[in-house]
Amino acid sequence: MATRLVRFLVPGTSGRFRCGGLSVELQTARLVASLCETEIVTYRERREDVPFLHDLLRDESASDHVLWIVSWGFDVPGLIRCLRGHRVAYHAHSSGYGFDLPPGIAVLAVSRNTLGYWGDRAPRNPLFLVPNALEQAWLDRGDRADASGRERPIDVLVQARKSSDYVLRRLVPALRQRGLSVEVQSGWVDDLVGLFNNAKVYLYDSAEYWRGRGVTEGFGLPPLEAMACGCVVFTSLNHALADHCDPGRSAHQIGCGSLAHDLQRIQAAVAEPLRWRPPMAELGVLLQNSGEQRLLERWRQVMTDLDQLQGQWQLDAPLSSPSTWRLRLAQMLHRARRVVDRLPGWPKRS
């Protein structure tokens, strides 16, 4: 049983769908194409250059040689229903959407945080860790040489999207009042690597953004991209950011205790960046583990395992786990029986 075609489902590919999730799916499809044929399929936006989901379902029958990859958070339950009878895997970025998965739907988690979420919620489904990868440009062009000696014109770089009110309304004005050059970037940038290479310190504070939406930071590439460009990173440590942000080593916590404490540390990092950056050996290992080649190795193993499971499921149904309410009810009944058994004069169960 060998997968011959992997179809990555996205809502659309035009500018209005542009986001980190779309970039990751396109990048992953490109990488997996070296293992087998891949195809981007849309399900909201019709385009002449890509297939449309409902056209394919109308014109084709289910095949064990085709694997469909769903990923778009709130759309996942509906897509799985549409694809009933087909081979489906869930490329899981953020977690916390609240849905459950049918037995046999594999979870390809991009972070340990998401892996742990589904390890709790779907412990009998096949679970895999396939972290997002830094695009090669970050590794090739990122200026992280300790002794480069090049002056960076931006003291502090902030990306407006996902940033907290604390960073934008309190910390940034306070840093500027102290004479630091602070750039708040918004909108599309053609050369992000070049932008990051020009900054000494990078601030990323997404905890409140994601908490307000009720879902998680799926992977958190921006701090990793900043490290690849030699920036000192101050970041929140929510969700998947804790996978690769080791406070006091690879990165530093932002919003840590008080505004004055942040100002003192950021000023010190701007004055002496090398003292605040991670050791080069540790950074090298972190970036190597985040490269596209390492991700491709993981996908190769995932495809092998999924093909083996598909063959086994033709003989034996996928395992499933009881729903949460059934588990809680069973535990409540068990506790109630123990209480009853202790009552004087109550007949004991054999």
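Guide: Two strands count as a pair if DSSP finds at least two bridges between them. Keep that in mind as we look around this predicted model.

Visitor: Okay, how many bridges link β5 and β6, and in which sense do they pair?

Guide: Three bridges link β5 to strand β6, residues 127-129, and the pairing is parallel. One bridge partnership to look for is alanine 109 with leucine 129 of β6.

Visitor: What sits on the other side, between β4 and β5?

Guide: Strand β4, residues 87-92, runs parallel to β5 and is joined to that strand by four bridges. Here alanine 92 stands opposite alanine 109 of β5.

Visitor: Are the two faces of β5 covered or open?

Guide: Burial is judged by relative accessible area, and under 20% means buried. In β5, residues 106-109, both faces are covered: Ala106 and Leu108 are buried on one side, Val107 and Ala109 on the other.

Visitor: Let's move along the chain. In what order do the strands of the open sheet with β7 come?

Guide: Read across that sheet and you get β8-β7-β9-β10-β11, five strands with parallel pairing. Its edges are β8 (182-185) and β11 (252-253), each of which pairs on one side only. Strand β7, residues 154-159, runs parallel to β8, and four bridges join the two. For one of the partnerships, find glutamine 159 and look across to glutamine 185 in β8.

Visitor: And which strands does helix α9 touch?

Guide: Helix α9, residues 221-228, packs on the sheet against β7, β9 (199-204) and β10 (232-235), and its direction makes about 170° with that of β9. Helix α11, residues 259-271, packs on the sheet too, touching β7, β9, β10 and β11, with about 150° between its direction and that of β9.

Visitor: How do I read the way α6 and α11 pack, and at what angle?

Guide: Look at the angle and the distance between the axes. Helix α6, residues 165-177, packs with α11 at about 55°, and the axes are 10 Å apart. The two helices are therefore oblique to each other. As for handedness, α6 passes α11 in a right-handed crossing. On the α6 side the contact is made by Tyr166, Arg170, Leu171, Ala174 and Leu175, and on the α11 side by Leu259, Asp262, Leu263 and Ile266. Sorted by type, the contact of α6 with α11 has seven nonpolar residues, two charged ones and no polar ones.

Visitor: Which loop holds lysine 162?

Guide: Lysine 162 is in the loop between β7 and α6. Check its backbone: phi is near 75°, a positive value in a residue other than glycine. Lysine 162 counts as buried because its relative accessibility is 17%, and the cut-off for buried is under 20%.

Visitor: What about histidine 239: what is its phi?

Guide: Histidine 239 has a positive phi of about 55°, although it is not a glycine. You'll find histidine 239 in the loop between β10 and α10 (241-244). With a relative accessible area of 26%, histidine 239 is partly exposed.

Visitor: Last one: which residues does alanine 160 contact, beyond its close sequence neighbours?

Guide: Leaving aside neighbours within four places in sequence, alanine 160 is in contact with Leu168, Val184, Gln185 and Ser186. Alanine 160 lies in the loop between β7 and α6, and at 24% relative accessible area this alanine is partly exposed. Try tracing from alanine 160 to cysteine 245: they are 85 residues apart in sequence and 20 Å apart in space, C-alpha to C-alpha.

How values were computed. Residues are numbered from 1 along each chain as its sequence is written. This is a predicted model: local features need pLDDT of at least 70, side-chain atom pairs count only at pLDDT 80 or more; totals for chains, interfaces and linings use all residues. Side-chain values use heavy atoms; hydrogens and water are left out. Contact means heavy atoms within 4.5 Å. Axes are lines fitted to C-alpha atoms, for helices over the stretch in contact, and angles run from 0 to 180 degrees between N-to-C directions. Angles under 35 degrees count as roughly parallel, over 145 as roughly antiparallel, 65 to 115 as roughly perpendicular and the rest as oblique. A crossing is left-handed if the near helix is turned anticlockwise from the far one by less than a right angle, and right-handed if clockwise. Ala, Val, Leu, Ile, Met, Phe, Trp, Tyr, Cys and Pro count as nonpolar, Asp, Glu, Lys and Arg as charged, and the others, Gly among them, as polar. Buried means under 20% relative accessible area, exposed over 50%, partly exposed in between (1.4 Å probe, protein chains only).
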